[in-house]
Amino acid sequence: MAFVVTENCIKCKYTDCVAVCPVDAFHEGPNFLAINPEICIDCDLCSPECPAEAIFQEDALPEGMQHYRQMNKDLAQIWPVITEVIPAPADADEWDGVADKEQYLIIE
């Protein structure tokens, strides 16, 4: 089992979750974080720390978010590990809760 970062992280990218991860399972992209499911130990420390409520246990993903399981796995293979909290984007609060943000995901 692993935890999965879902759509609401896009363009919010708060990193409070990174500070509590005991195994450095988070990977950082330009405007999204991903969890490496091969490293995640299912400890549930990250989920309550996420201000955007974007992290879920993989068996409890909200309706329509199941594809984020594979997305996290794939992105964790190409993005670097993040181990320190960094400031959220200046407009993160404005993006928190906005629907249909997947179109804004930057993978490069």
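This short presentation covers helix α2, the residues around it, and the cysteines of this structure. Please bear in mind throughout that the model is predicted.

I begin with helix α2, which runs over residues 67-78. Its 12 residues should span 16 Å at 1.5 Å a residue, and the C-alpha atoms at its ends are 17 Å apart, in agreement with that expectation. Which residues of α2 are buried? They are Tyr68, Met71, Asn72, Leu75 and Ala76. Viewed down the axis of α2, these buried residues fall within an arc of 130 degrees, so they line one face of the helix. The general background is that an α-helix has 3.6 residues a turn, so residues three or four places apart point the same way. In this model, the buried residues of α2 pack against three strands, β1 (3-5), β2 (26-28) and β3 (33-35).

I turn next to His27, a residue of strand β2. His27 is buried, its relative accessible area being 5%. A polar atom of its side chain lies 3.2 Å from the backbone oxygen of Ala76, a residue that is among the buried ones of α2. The His27 side chain also reaches the backbone oxygen of Trp79, at 2.8 Å. Beyond its neighbours within four places in sequence, His27 is in contact with several residues, including Phe32, Leu33, Pro80 and Val81.

Now to the aromatic residues. The count of aromatic pairs comes to three. In one of them, the ring centres of Phe32 and Tyr68 are 6.2 Å apart and the planes stand at 50 degrees, so this pair is tilted. Phe32 lies in the loop between β2 and β3 and Tyr68 in helix α2, so the pair ties together parts that are 36 residues apart in sequence. Phe32 and Trp79 form an edge-to-face pair, with 6.3 Å from centre to centre and 70 degrees between the planes. Trp79 is in the loop between α2 and α3 (92-95), so its pairing with Phe32 ties together parts 47 residues apart in sequence. Phe32 is buried at a relative accessible area of 0%, and Trp79 counts as buried at 6%. Ring pairs thus link Phe32, Tyr68 and Trp79 into a cluster.

Finally, the cysteines. How many disulfides does a search of the whole structure find? The search finds zero. For Cys9, the closest cysteine sulfur is that of Cys50, and at 6.4 Å it is too far away for a bond. Cys46 is likewise in no disulfide, with the sulfur of Cys43 nearest at 6.1 Å. Cys9 counts as buried at 7% relative accessibility, and Cys46 is buried with a relative accessible area of 7%.

Notes: Residues numbered from 1 in each chain as written. Predicted model: local features only at pLDDT ≥ 70, side-chain atom pairs only at ≥ 80, totals over all residues. Heavy atoms only, no water. Disulfide = S-S within 2.5 Å. Buried < 20%, exposed > 50% of the residue type's maximum accessible area, 1.4 Å probe, protein only. Helix = DSSP H or I, 4+ residues; strand = E, 2+ residues; numbered from the N terminus. Expected span 1.5 Å × (residues − 1). Arc of directions from axis to C-beta. Contact = heavy atoms within 4.5 Å. Polar contact = N/O pair within 3.5 Å; in protein donor to acceptor, adjacent residues only side chain to side chain. Phe/Tyr/Trp six-rings, centres within 6.5 Å; stacked < 30°, edge-to-face > 60°.
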